[in-house]
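The following exercises invite the reader to examine a model step by step. Each task is followed by a worked solution.

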2 protein chains.
Amino acid sequence: MRIAEAALRSGLSVDTIRYYEKSGTVPEIRRGPDRQRRFSQENIDWLTLLYWLRETGMPMKTMHRFASLYQVGDSTICERKQVLMAHAEHLKKRRADLDRCEQLLAHKLAIYKDIEG
Amino acid sequence: MRIAEAALRSGLSVDTIRYYEKSGTVPEIRRGPDRQRRFSQENIDWLTLLYWLRETGMPMKTMHRFASLYQVGDSTICERKQVLMAHAEHLKKRRADLDRCEQLLAHKLAIYKDIEG
DNA sequence: GCCTTGACCTGGAGTTGCTCCAGCTTGGTA
DNA sequence: TACCAAGCTGGAGCAACTCCAGGTCAAGGC
């Protein structure tokens, strides 16, 4: 699979995929005889995970660390688990933020209603 | 009130407050005879709103537009309402993203459990 | 056989939204 | 009067993309 399809499937843009590869956040993307990238299903799964981690606020540094651990092998599973669990905690915080903002918006909108009469 | 306290109350950093003022995203912050900023309660409310809008992903451009509308006066309330309602919609999308990511994390963590035995 | 087209490549500049820093002013305390 | 904390400005630095110029390569049309 080529980069255009990889982008469609993972949710990332073509440029972002190249950027992630360059910065070492994606393990081993093979190249064809034409020097162009060929994505395996494993690559797509990885990129998709990165997409969601990034979308929900994980910093590049952490993603990079996670990728390094992945490349070492099974001996790092415990550490990787900790990274993901920490991110799950982070999601809770984000959800609370959304709740808080939603309340604030409802409050503001109610005020506007009063002014308009 | 001075900038340090304004930062504490709004959630923004001192630098970010200055940055927002410079880029025209905060209406009229008064200055004392020492040329230092003095924040009114209205300022704090505004900065707090900005904090939550930004925290939940509203781009600077939109916040800036919202600020411009605010400075025109009550005649723009309808438009401002639309900005906030659009953002409320955006919050729903974010919540769906969090759900999706949470599922993915749960799935990955389950796989790790299997590997570890 | 040559030309065009389209997908991909690289290196590097540009953008957004902060964040940090040097060097200066000012008001309050010892 | 000397010093210190808190604030000021302009500008550099940074994260995470995003866009662009200029080039390669394979396939299809004439």
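The exercises below concern a predicted model and treat first a DNA strand, then aromatic rings.

**Exercise 1. The surroundings of DNA strand D**

Task: Determine how many residues surround DNA strand D and which part of the strand they approach.

Solution.
- Step 1. A residue counts as near the strand if one of its heavy atoms lies within 4 Å of it. By this criterion, 15 residues surround DNA strand D, and the closest are Tyr20(A), Arg54(A), Met60(A), Arg18(B) and Arg37(B).
- Step 2. Of the atoms of DNA strand D that come within 4 Å of the protein, 83% belong to sugar and phosphate.
- Step 3. Individual contacts with phosphate oxygens of DNA strand D can then be listed. Tyr20(A) places a polar side-chain atom 2.6 Å from a phosphate oxygen of the strand, and Arg54(A) places a polar side-chain atom 3.0 Å from a phosphate oxygen. Met60(A) uses a backbone N or O atom instead, at 2.9 Å from a phosphate oxygen.

**Exercise 2. Elements and residue classes at the strand**

Task: Identify which elements give two or more residues to the surface near DNA strand D, and classify the residues of that surface.

Solution.
- Step 1. Two or more residues come from helix 2 (14–22) of chain A and from helix 1 (3–10) of chain B.
- Step 2. The most is given by helix 2 of chain A, with four residues.
- Step 3. By class, the surface near DNA strand D holds seven charged, six nonpolar and two polar residues.

**Exercise 3. Aromatic pairs**

Task: Classify the ring pair of Tyr51(A) and Trp52(A) and that of Trp46(B) and Tyr70(B), and state how accessible each residue is.

Solution.
- Step 1. Rings pair if their centres lie within 6.5 Å. Over all chains, the count comes to eight aromatic pairs.
- Step 2. The ring centres of Tyr51(A) and Trp52(A) are 5.0 Å apart and the planes stand at 85°; planes over 60 degrees apart count as edge-to-face, so this pair is edge-to-face.
- Step 3. Buried means under 20% relative accessible area. Tyr51(A), at 18%, is therefore buried, and so is Trp52(A), at 10%.
- Step 4. For Trp46(B) and Tyr70(B), the centres are 4.4 Å apart and the planes at 40°, so the pair is tilted. This pair links distant parts of the chain: Trp46(B) lies in helix 3 (residues 41–55) of chain B and Tyr70(B) in helix 4 (residues 60–72) of chain B, 24 residues apart.
- Step 5. Trp46(B) is buried at 7% relative accessible area, whereas Tyr70(B) is partly exposed at 25%.
- Step 6. In chain A, Trp46(A), Phe66(A) and Tyr70(A) form one aromatic cluster.

Definitions and conventions. Residues are numbered from 1 along each chain as its sequence is written. Chains are lettered from A and ligands numbered from 1 in the order in which they are written. This is a predicted model: local features need pLDDT of at least 70, side-chain atom pairs count only at pLDDT 80 or more; totals for chains, interfaces and linings use all residues. Side-chain values use heavy atoms; hydrogens and water are left out. A polar contact is a pair of N or O atoms within 3.5 Å; within protein, one must be able to donate a hydrogen and the other to accept it, and residues adjacent in sequence count only if both atoms are side-chain atoms. Ala, Val, Leu, Ile, Met, Phe, Trp, Tyr, Cys and Pro count as nonpolar, Asp, Glu, Lys and Arg as charged, and the others, Gly among them, as polar. Rings of Phe, Tyr and Trp (its six-membered ring) pair if their centres lie within 6.5 Å; planes under 30 degrees apart count as stacked, over 60 as edge-to-face and the rest as tilted. Buried means under 20% relative accessible area, exposed over 50%, partly exposed in between (1.4 Å probe, protein chains only).
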